[in-house]
Amino acid sequence: MNINYSFAAAYAFDQKCKVCAVDINGQCLEYVNQKARDEGIDCITTSIGREDYRHDFDDDTFDLIIYSDIFHGEEKLYGGLHRFVMIEEAKRTLKNNGVLAVLPFHLSNFRDSNKKKSK
C-alpha cells in the first residue's frame, strides 16, 4: 500500500469520506494510524490484508478502490494469479459505477533516459 494515496483521498474529499487503508504489513498500518492521529484525520481506518488476497468487506462497499504497486512480480503463493483474485474482490466490493484505479508500479520506479530513478 502506498499510504500517500490514503491521505490524499482524505484531503481531496475534505475528510467527508471513509478511507480504509489495507496492507499485509502491520507496521505500515501502525504508521498510517499514527500519522492520521498526528494530522488530526479521523476518516482513515486500517485493515490487515489476508494472504489469500480476499477481503472481509461486504459486497458493494466502496466508491473507489486504489491498487498501488501490487501487481508487480510473480507472487509465489499463486504464481501471479493474485491479480485475478484482487480484480474479483474489487468487482465484488465496488458499488455500482464505482472506480478501480490501478497503479501497477511504484512511482519511485520511474527511470529517466539515463536509467536513473526519477523523482
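In this predicted model, A21 sits across from T46, a residue of strand β2. Behind that pairing stand five bridges between β1 and β2, two strands that run parallel, with β2 spanning residues 44-48. To get from β1 to β2, the chain passes through helix α2, made of residues 26-39, and the resulting β-α-β crossover is right-handed.

It helps to place this unit within the whole chain. The protein contains three helices and four strands, and their order along the sequence reads α-β-α-β-β-α-β. Of its 119 residues, 28% count as buried. Contacts that span a long stretch of sequence are well represented: among those between residues at least 6 apart, 68% join residues at least 24 apart.

Strand β1 covers residues 19-23, and D23 belongs to it. What is the nearest side chain of opposite charge to D23? It is that of R50, 14 Å away, and D23 has no salt bridge although it is buried. The side chain of D23 does find a partner in the backbone, however, reaching the nitrogen of N25 at 2.6 Å.

Just ahead of this strand comes C17, located in the loop that links α1 (3-12) to β1. Which residues does C17 touch, leaving aside those up to four places away in sequence? They are A9, A10 and C43. A further link across the sequence appears in the C-alpha atoms of C17 and I44, which are 8.6 Å apart even though 27 residues separate the two along the chain.

Two residues elsewhere in the chain deserve a look for their backbone angles. Y53, which is not a glycine, has a positive phi of about 70 degrees. The residue lies in the loop between β2 and β3 (62-68). N97 is likewise a residue other than glycine with a positive phi, here near 70 degrees, but its place is in strand β4, residues 94-103.

Is each of these two residues buried or exposed? Y53 has a relative accessible area of 16% and is therefore buried, since the cut-off for that class is under 20%. N97 reaches 71% relative accessibility, so it counts as exposed, the limit for that class being over 50%. The positive phi values thus occur in a buried loop residue, Y53, and in an exposed strand residue, N97.

Methods
Residues numbered from 1 in each chain as written. Predicted model: local features only at pLDDT ≥ 70, side-chain atom pairs only at ≥ 80, totals over all residues. Heavy atoms only, no water. Buried < 20%, exposed > 50% of the residue type's maximum accessible area, 1.4 Å probe, protein only. Lys, Arg positive; Asp, Glu negative; His and termini not counted. Salt bridge = Lys/Arg side-chain N within 4 Å of Asp/Glu carboxyl O. Polar contact = N/O pair within 3.5 Å; in protein donor to acceptor, adjacent residues only side chain to side chain. Pairing = 2+ DSSP bridges. Right-handed = clockwise from strand over helix to strand, strands pointing away. Contact = heavy atoms within 4.5 Å.
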